[in-house]
Amino acid sequence: MTQADNNVLLRITNLQKNFGGLQVTNNVSLDMRAGIVTTLVGPNGAGKTTLFNLITGHLVPTGGDILWKGKSIVGQAHWKIARQGIARSFQDLRLFNQMTVEENVLTVMEPVSWIWQPGGRAGRKARQERVMDILTRTHLLDKAKTRAIDLSYAERKFLSLARIMATDAKMWLLDEPASGLDRGSYERFLELLRSEVRQGVTVCIIEHNLDIVIGISDRIAFLDQGKLLADGDPDTVLKDPHLAAIYFGEQTT
Ligand SMILES: Nc1ncnc2c1ncn2[C@@H]1O[C@H](COP(=O)(O)OP(=O)(O)OP(=O)(O)O)[C@@H](O)[C@H]1O
Ligand SMILES: [Mg+2]
């Protein structure tokens, strides 16, 4: 990586993914710079979630490379990639339904020493304070002891964000985190995301809601049939009539 590329956290080069004869990622190259919110948009089936799966190691690319802070992460187990500071949410949330909100958050945090070990008491107290802070910021504090299955849809979405916050990851990949939220909830979601970005988190978000896309993006990457058709500032990409025709012409949800 050259000097000028120092702030590139994640570099994707000529990425390919085939499922049998189906090419779902077609020669995609994309840089994600520190502190920048990139929104991935494109019609259903464009390959957005697949791109996340390739970055996080849930899928192995057929070709190309993915560099995290200058080093290839292709072929590494997904938990190893996560440990390096790339966290993600899933379209289907994947919470532990029978656990409480608090327990769901604790499962993604580093274990702390037992209380009788040196620093154990202080470590536990600090972790508890951190959980409370995260739950406050995700508006879930009064639900700390509620089981995930008993939460409303919006609360479940916020819990999946809380679990990402708890990892302390520097890069967040969010797969439609605001889909299905009412206006009040997604305003709160945007506020939270902006505040995390101000504190140094780098975000790539897949989103269909144009209000959210406009409200959060520094840059938009447009995918269609596995190909990156555009990558630029939101105004330019959103005003492109060719892309609008593809997006609105083919969207089914
Ligand atoms: N494991 C798989 N095996 C075969 N085909 C797959 C697999 N995963 C995804 N695909 C196909 O790859 C294409 C891209 O799917 P992907 O889920 O990445 O799209 P997407 O852009 O996230 O769509 P949506 O907006 O509906 O979530 C689709 O045609 C899908 O059917
Ligand atoms: Mg998807």
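Which residues is Thr-13 in contact with, leaving aside its neighbours within four places in sequence? Select Thr-13 in this predicted model and display its surroundings: the contacts are Val-28, Ser-29, Gly-64 and Asp-65.

**Strands β1 and β2**

Thr-13 sits in strand β1, residues 8-19. Its relative accessibility is 28%, so it counts as partly exposed. Now add Leu-30, which is 17 residues away from Thr-13 along the chain; the two C-alpha atoms are 6.6 Å apart.

Stay with these strands and select Arg-11 and Asp-31. Their side chains form a salt bridge, with 2.7 Å from N to O. Asp-31 belongs to strand β2 (residues 22-33) and Arg-11 to strand β1, so the pair ties together parts 20 residues apart in sequence. Both partners are covered: Asp-31 counts as buried at 17% relative accessibility, and Arg-11 counts as buried at 16%.

**Helix α1**

Next, select residues 48-56, which make up helix α1. Eight of its nine residues are buried. Among them are Leu-51, Phe-52, Leu-54 and Ile-55, together with Lys-48 and Asn-53. Step on to Gly-57, which follows α1 and has a positive phi, near 85 degrees.

**Ser-217**

Move to Ser-217, in the loop between α7 (210-216) and β9 (219-224). Is Ser-217 buried or exposed? Its relative accessible area is 10%, and the cut-off for buried is under 20%, so Ser-217 is buried.

Show the polar atoms here. The side chain of Ser-217 makes a polar contact of 2.5 Å with the side chain of Thr-39. It also reaches the backbone oxygen of Val-213, at 2.5 Å. Beyond its neighbours within four places in sequence, Ser-217 is in contact with Val-37, Thr-39 and Pro-234.

**The two domains**

Colour the chain by its domain assignment: domain 1 is 1-85 + 171-180 + 202-253, and domain 2 is 93-168. Eight residues from domain 1 and six residues from domain 2 take part in the contact. Over C-alpha atoms, the centres of the two domains are 28 Å apart.

The area buried between domain 1 and domain 2 is about 550 Å², with 61% of it from carbon and sulfur atoms. On the side of domain 1 that touches domain 2 there are four nonpolar, two polar and two charged residues. How many salt bridges are there between domain 1 and domain 2? The count is zero, while three residue pairs are in polar contact across the interface.

**Salt bridges elsewhere**

The whole structure has 13 salt bridges. To view another, select Glu-196 and Arg-137, whose closest N and O atoms are 2.0 Å apart. Glu-196 lies in helix α6 (residues 183-198) and Arg-137 in helix α4 (residues 120-137), so this salt bridge ties together parts that are 59 residues apart in sequence. Glu-196 is buried, with a relative accessible area of 7%, whereas Arg-137 counts as partly exposed at 22%. Add Asp-133 to the selection: Asp-133, Arg-137 and Glu-196 are linked in a network of salt bridges.

For the last stop, select Glu-155 and Lys-143. They form a salt bridge in which the closest N and O atoms are 2.8 Å apart. Glu-155 is in helix α5 (residues 153-166) and Lys-143 in the loop between α4 and α5, twelve residues apart. Lys-143 is partly exposed, with a relative accessible area of 24%.

Technical notes:
Residues are numbered from 1 along each chain as its sequence is written. Chains are lettered from A and ligands numbered from 1 in the order in which they are written. This is a predicted model: local features need pLDDT of at least 70, side-chain atom pairs count only at pLDDT 80 or more; totals for chains, interfaces and linings use all residues. Side-chain values use heavy atoms; hydrogens and water are left out. Helices (H or I, at least four residues) and strands (E, at least two) are DSSP runs, numbered from the N terminus. Buried means under 20% relative accessible area, exposed over 50%, partly exposed in between (1.4 Å probe, protein chains only). A polar contact is a pair of N or O atoms within 3.5 Å; within protein, one must be able to donate a hydrogen and the other to accept it, and residues adjacent in sequence count only if both atoms are side-chain atoms. Contact means heavy atoms within 4.5 Å. Domain bounds come from an automatic or database domain assignment. Buried area is the accessible area (1.4 Å probe) that two parts lose on being put together, summed over both. A salt bridge is a side-chain nitrogen of Lys or Arg within 4 Å of a carboxyl oxygen of Asp or Glu. Ala, Val, Leu, Ile, Met, Phe, Trp, Tyr, Cys and Pro count as nonpolar, Asp, Glu, Lys and Arg as charged, and the others, Gly among them, as polar.
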